[in-house]
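Visitor: Could you walk me through this model, one piece at a time?

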Amino acid sequence: MGKMTVVKTLALPQVVHLLRVLPISQKQLKDLEKIFTNFIWGDKPALVKKDVIIQSTENGGLNFTDIVSFSKALKIVWIKKLLSYQDRSDWKFVFFYLSKNVGQNSLWYQDRPSLLKIAKQIKNVFWKELISNWAELNYTPVSISDILYMPLLHNGNIPIKKSPKYYASLVSNEICFVHDILNQNSGQFLEFPEFKKRFNVDLHFIHYNGLLQSIPKVWKTKINNEYDITALTEEPQHIELLNSKEKTSKIFYKKYLGIYLDKLTDEQNTPTAVRKWNNLDWFNLKENWNIIFSLPFSTTKGTKLREFQYFINHNVLYTNSKLFKIKKITSENCTFCHSKPETIEHLLFFCEKSKAIWNNFLNILNSSTIYNIQCEPNVLLFGYFDNSDNNSAVSNSALNLVLLLVKRFIYVSRCKDNLPTIEGLLKFLNYHIKIDYQSVKSPNKKWYSFKNCQFFPYKD
Ligand SMILES: [Zn+2]
């Protein structure tokens with residue numbers, strides 16, 4: 001997790017500028033992704049698959065950046081600049097020149113099929129990429145506002161004699177959208193004489209009528225039934241998003257990530273470990289994965305401890321069973337009892353040596369606090385929470401930290417090839433509670449229930 005922070009805060013900012021200004025191929029993005037993955041997991045295979053770590057923590061992810069969505073989102077800023085009247089940069093003329101036959105700025109209002117066709121016509125790789133990316137976000141026009149803002153020209157929905165048309169004279173007079181040829185009070189389409197009178201455009205009667213006739217019937221009916229001048233105040237949703245106060249790249253990153261995740265199958269986006277734990281007969285938290293996955297993050301700020309519980313949840317903590325499977329050692333037996341395979345659940349709970357520690361510890365905990373925690377694997381391995389109470393994770397964060405520390409102590413003992421002892425555990429708790437106590441905002445409140453415990457460092 002520390003390494004992911006390094007990638008997010010140090011490595012990614014280095015490439016932001018390049019991703020923003022240069023066209024980039026799928027292969028280049030894959031290579032970049034590989035560099036980051038190798039850095040995070042070292043030369044070992046990734047412990048948790050990429051399609052999971054890019055998700056939110058409650059879905060078992062770590063909010064790690066998906067490079068492809070990130071690169072798409074960064075480039076959106078160019079569309080924002082193009083559509084902004086305040087921005088008068090010179091580079092805009094390059095785009096207007098390149099897109100002069102496809103509607104210039106009105107092209108950003110097209111629906112997906114039309115945009116994809118336009119992307120094919122544009123030769124410049126940078127703009128081609130940007131238009132295709134934008135097409136991914138767009139949709140079939142449904143609402144009255146969507147329809148009023150549909151471009152008149154180059155629109156696959158408005159084919160004149162089977163192919164979308166383009167009339168330079170309309171564009172140069174800024175007649176770009178369906179609403180431009182409406183009488184804004186009545187919502188009726190302008191008749192040719194009215195149109196002529198208003199715009200003084202050099203467009204033949206036949207062409208104008210052809211255009212009117214090609215507008216889809218469903219749109220006309222919708223406009224007829226629902227037109228209201230306020231419908232014009234609402235621009236199509238992705239154009240609206242460009243104007244929102246939040247950072248453009250952030251909003252569009254979420255959009256692109258959502259599109260990417262939606263395309264994944266359940267198999268691809270569900271953490272592998274969920275199936276493993278769900279299949280164990282003692283496991284009774286099948287409905288609570290969102291809470292389980294969030295718990296380490298509300299329990300502690302310590303990266304190491306969070307990571308430790310994250311690895312338990314994802315069933316990727318290194319134990320003898322796992323090391324044996326990847327052929328690093330010759331026996332998978334438990335470090336403590338030498339008689340059973342050392343799986344995570346065996347090591348941290350079912351092993352008689354570990355169970356003895358738990359029993360001893362729970363006696364101390366239950367006799368000196370309000371808690372009555374049973375010696376059973378669900379709570380002890382995944383944490384204590386009341387699934388009917390949303391605040392339960394926060395109000396029990398001290399308890400969950402203590403439970404996490406017991407597991408961590410057992411694991412540390414295993415790594416040192418020591419049998420865990422209760423004296424060792426109490427010292428370990430005392431030390432780590434001190435660290436937490438000094439780092440949280442209202443330690444008194446958080447640790448109130450523990451003030452009578454013998455392992456609690458602060459006595460009255
Ligand atoms: Zn054992």
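Guide: Gladly, and one definition comes before the tour. A residue is buried if 20 or more other C-beta atoms lie within 10 Å of its own, exposed if 12 or fewer, and partly exposed in between, with C-beta atoms placed from the backbone. The model is predicted: local features need pLDDT of at least 70, side-chain atom pairs count only at pLDDT 80 or more, and totals for chains, interfaces and linings use all residues. Residues are numbered from 1 along each chain as its sequence is written.

Visitor: Is N63 buried, partly exposed or exposed?

Guide: N63 sits in the loop between helix 3 and helix 4, where helices (H or I, at least four residues) and strands (E, at least two) are DSSP runs numbered from the N terminus. Its phi is positive, about 55°, although N63 is not a glycine. Most residues other than glycine have a negative phi. Because N63 has 14 C-beta neighbours inside 10 Å, it counts as partly exposed.

Visitor: And which class does H338 fall in?

Guide: H338 lies in the loop between helix 19 (320-325) and helix 20. Its phi is also positive, near 55°, in a residue other than glycine. With 9 other C-beta atoms within 10 Å, H338 is exposed.

Visitor: What is the radius of gyration of the protein?

Guide: The secondary structure comes to 26 helices and 2 strands. The globule rule (2.2 Å times the number of residues to the power 0.38, with the radius taken over C-alpha atoms) gives 23 Å for 460 residues. The protein is well over that, so it is more spread out than a compact globule, with a radius of gyration of 31 Å.

Visitor: Which helix gives the largest share of the largest nonpolar core?

Guide: A nonpolar core is a set of buried Ala, Val, Leu, Ile, Met, Phe, Trp, Tyr and Cys residues joined through C-beta atoms within 7 Å. The largest one has 52 residues, and A73 and L152 have the most contacts inside it. Several helices each supply at least two of its residues, including helix 2 (26-41) and helix 14 (248-263). The largest share, 7 residues, comes from helix 4.

Visitor: How many residues are in the other core?

Guide: This core lies apart from the largest one. Among its members are I292, L347, F361 and F456. Its size is 40 residues.

Visitor: How is helix 17 oriented to helix 24?

Guide: Helix 17 (residues 289-299) and helix 24 (residues 397-415) pack with their axes 9 Å apart, at an angle of about 100°. Axes are lines fitted to C-alpha atoms, for helices over the stretch in contact, and angles run from 0 to 180 degrees between N-to-C directions. Angles under 35 degrees count as roughly parallel, over 145 as roughly antiparallel, 65 to 115 as roughly perpendicular and the rest as oblique. That makes helix 17, relative to helix 24, roughly perpendicular.

Visitor: Which residues of helix 24 does helix 17 meet?

Guide: Two residues are in contact if their C-beta atoms, placed from the backbone, lie within 7 Å. From helix 17, the partners are L295, S298 and T299. In helix 24 they meet S397, N400, L401 and L404.

Visitor: How far apart in space are H179 and L148?

Guide: H179 is in the loop between helix 9 and helix 10 (192-199), and it touches L148, Y149 and L232, not counting residues up to four places away in sequence. H179 and L148 are 31 residues apart in sequence. In space, C-alpha to C-alpha, the distance is 4.9 Å.
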